[in-house]
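Please open the structure in the viewer and keep the selection tool at hand. The tour proceeds by short stops, each with something to select and something to note.

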Amino acid sequence: MSIQLFVPTFRVEECLEEIKECLEKGWTGLGYKTIEFEKKWKEYTNLPNAHFINSATVGLHLAVKIFKSECKWEDGDEIISTPLTFISSNHAIAYENLKVVFADVDKYLCLDPVDVRKKITNKTKAIMYVGLGGNTGQYKEIVKICKEYNLKLILDAAHMSGTRLDGEIVGKEADVIIYSFQAVKNLPTADSGMICFKEEKYDELARKLAWLGINKDTYTRSLNKETYKWRYDVDYLGYKYHGNSIMASIALVQLRYLDMDNAYRRQLASWYDEAFKYHKNLIRPIPVAKGCECSRHLYIIEVNNRDELIIALNLNKIYPGVHYRDNTEYSMYSYGKGSCPNAHKLCTRILSLPMHMRLTKEDVNEISSKVIKLASSVKEG
């Protein structure tokens with residue numbers, strides 16, 4: 001039987017009950033369940049604002065767009081970002097004609113504050129910080145840099161649903177946090193996300209921009225008793241980025257289990273750690289930062305001969321992944337090639353082992369024993 005990298009787990013009957021309410025009520029779009037989920041998410045995270053959207057990618061775009069327009073950034077201004085991320089983090093910057101300036105990563109695979117400082121210029125406006133795999137890395141140092149240089153902090157928390165730092169949900173210092181509830185994330189739906197601005201004025205603007213720039217959404221108008229519900233204004237050239245009640249129904253159920261699921265993910269990670277602790281010459285698990293209660297979206301190891309090991313594991317019906325390819329290897333970001341040597345080196349050596357709720361201790365034992373055996377044989381070969 002094959003062991004896949006990701007397999008989402010849904011509480012099917014509970015999800016169907018929530019969705020059934022939408023269908024019986026005759027309301028599947030923006031409003032109703034999306035509002036209920038936003039309220040629950042704010043209670044869970046203790047963040048002041050939350051707007052449910054149809055993906056994390058659109059949330060990243062909204063964040064950059066709003067700061068650019070409201071803070072009077074100009075085309076060609078710069079945002080410092082990581083080369084080790086899914087491409088949407090950096091595309092969101094490029095969408096708005098801003099320049100992605102790549103800084104190197106540290107031992108946590110997150111932005112290295114030392115290199116970030118070196119990359120700051122008089123055109124730098126923000127830092128895009130990615131908590132890879134749910135790890136906080138040196139987040140506190142990045143917060144200090146943003147305060148010191150008056151930079152906006154955009155936290156790409158696509159992997160960080162449920163991550164805590166020093167006992168609190170991470171991110172209250174950030175100007176905006178974007179979460180992903182894509183199909184294989186820790187809080188899976190089919191695809192959706194949440195954007196959480198620190199300031200209410202930006203939250204209000206995000207809601208308009210996510211609904212085509214219209215100043216009253218359909219659900220709000222449906223609650224209004226006035227005759228002329230069609231009399232709304234269009235303040236901005238907006239987008240159709242909002243979430244819907246079907247996805248929110250699934251998210252409401254998944255949120256109930258998020259902490260429990262993340263605890264099990266940490267248990268899986270500890271079993272991997274235990275298996276590899278006497279083999280660090282061959283297999284080096286990426287460490288979790290001190291004080292971080294990691295969501296453990298990923299379990300990443302560094303090995304000497306990654307590509308050969310992946311092929312060997314595939315032949316044994318074990319299917320790891322790679323998170324991620326150095327973005328400066330892509331043609332559109334090739335101008336940054338050579339600027340982040342640690343990221344470039346690590347992206348050829350890291351792989352993500354299977355990590356999901358359906359794995360058992362026996363599965364982890366099987367995977368880790370195969371990794372140890374095959375990594376050893378690959379080295380000898």
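Which residues form a nonpolar patch on the surface, with about 250 Å² of accessible area together? Select Phe10, Val12 and Leu16, for these form the patch. Please keep in mind throughout that the model is predicted.

**Stop 1: helix H1**

Remain with leucine 16, whose place is in helix H1. Its relative accessible area is 47%, and leucine 16 is therefore partly exposed.

Next, select lysine 20 and glutamate 24. Their side chains meet in a salt bridge, at 3.9 Å from N to O. Helix H1 covers residues 12-25, and the two partners are four residues apart in it, so about one helical turn separates them. Lysine 20 is partly exposed, with a relative accessible area of 41%, whereas glutamate 24 counts as exposed at 61% relative accessibility.

**Stop 2: further salt bridges**

Side chains of opposite charge can pair when their charged atoms come close. In this model, the count comes to 29 salt bridges.

Select aspartate 75 and lysine 68. This salt bridge has an N to O distance of 2.4 Å. Are its two partners buried or exposed? Aspartate 75 counts as exposed, at 52% relative accessibility, while lysine 68 is buried, with a relative accessible area of 13%.

Move on to helix H6, which spans residues 139-149. Lysine 144 forms a salt bridge there with glutamate 141, and the closest N and O atoms are 3.3 Å apart. The two residues are three positions apart in the helix, so about one helical turn lies between them. Lysine 144 counts as partly exposed at 49% relative accessibility, and glutamate 141 counts as partly exposed at 31%.

Salt bridges can also share partners: select Glu14, Glu18, Glu21, Lys33, Glu36 and Arg256, which are joined in this way into one network.

**Stop 3: aromatic rings**

A pair of aromatic rings is described by the distance of the centres and the angle of the planes. The count for this model comes to 19 aromatic pairs. One of these is the pair of tryptophan 41 and tyrosine 44: the ring centres are 5.5 Å apart and the planes stand at 35°, so the pair is tilted. Both residues lie in helix H2 (residues 33-45), three residues apart, about one turn of the helix. Tryptophan 41 is buried, and tyrosine 44 is buried as well.

For another arrangement, select tyrosine 264 and tryptophan 271. Here the centres are 6.2 Å apart and the planes are at 85°, so this pair is edge-to-face. Tyrosine 264 is partly exposed, with a relative accessible area of 25%.

Which residues belong to one aromatic cluster with Trp41 and Tyr44? Add Phe37, Phe52, Tyr179 and Phe181 to the selection, and the cluster is before you.

**Stop 4: charges over rings**

Select arginine 11 together with tyrosine 257. The arginine lies over the face of the tyrosine, at 4.1 Å from the ring centre. Then select lysine 25 and tyrosine 32, where the lysine lies over the face of the ring, 5.0 Å from its centre.

**Stop 5: cysteines**

A disulfide is a covalent bond between the sulfur atoms of two cysteines. How many disulfides does the count come to? The count comes to zero, and two cysteines illustrate the reason.

Select cysteine 294 and cysteine 292. The cysteine sulfur closest to that of cysteine 294 belongs to cysteine 292, but the distance is 4.7 Å, which is too far for a bond; a disulfide requires the sulfur atoms to be within 2.5 Å. Cysteine 294 is buried, with a relative accessible area of 5%.

Now turn to cysteine 340. Its closest cysteine sulfur, in cysteine 347, is 11 Å away, so this pair is likewise too far apart for a bond. Cysteine 340 is buried, with a relative accessible area of 3%.

**Stop 6: helix H12**

Finally, select helix H12 (residues 361-380) and find valine 371 within it. Is valine 371 buried or exposed? At 0% relative accessibility, valine 371 counts as buried. Add leucine 282 to the selection: the two residues are 89 residues apart along the chain, and 9.7 Å separates their C-alpha atoms.

How values were computed:
Residues are numbered from 1 along each chain as its sequence is written. This is a predicted model: local features need pLDDT of at least 70, side-chain atom pairs count only at pLDDT 80 or more; totals for chains, interfaces and linings use all residues. Side-chain values use heavy atoms; hydrogens and water are left out. Buried means under 20% relative accessible area, exposed over 50%, partly exposed in between (1.4 Å probe, protein chains only). Rings of Phe, Tyr and Trp (its six-membered ring) pair if their centres lie within 6.5 Å; planes under 30 degrees apart count as stacked, over 60 as edge-to-face and the rest as tilted. A charge sits over a ring if NZ of Lys or CZ of Arg is within 6 Å of the ring centre and within 35 degrees of the ring normal. A salt bridge is a side-chain nitrogen of Lys or Arg within 4 Å of a carboxyl oxygen of Asp or Glu. Patches are made of residues with over 30% relative accessible area and no salt bridge: like charges are joined within 9 Å, nonpolar side chains (Val, Leu, Ile, Met, Phe, Trp, Tyr) within 5 Å. Accessible areas come from the Shrake-Rupley method with a 1.4 Å probe; for residues, only the protein chains shown count as cover.
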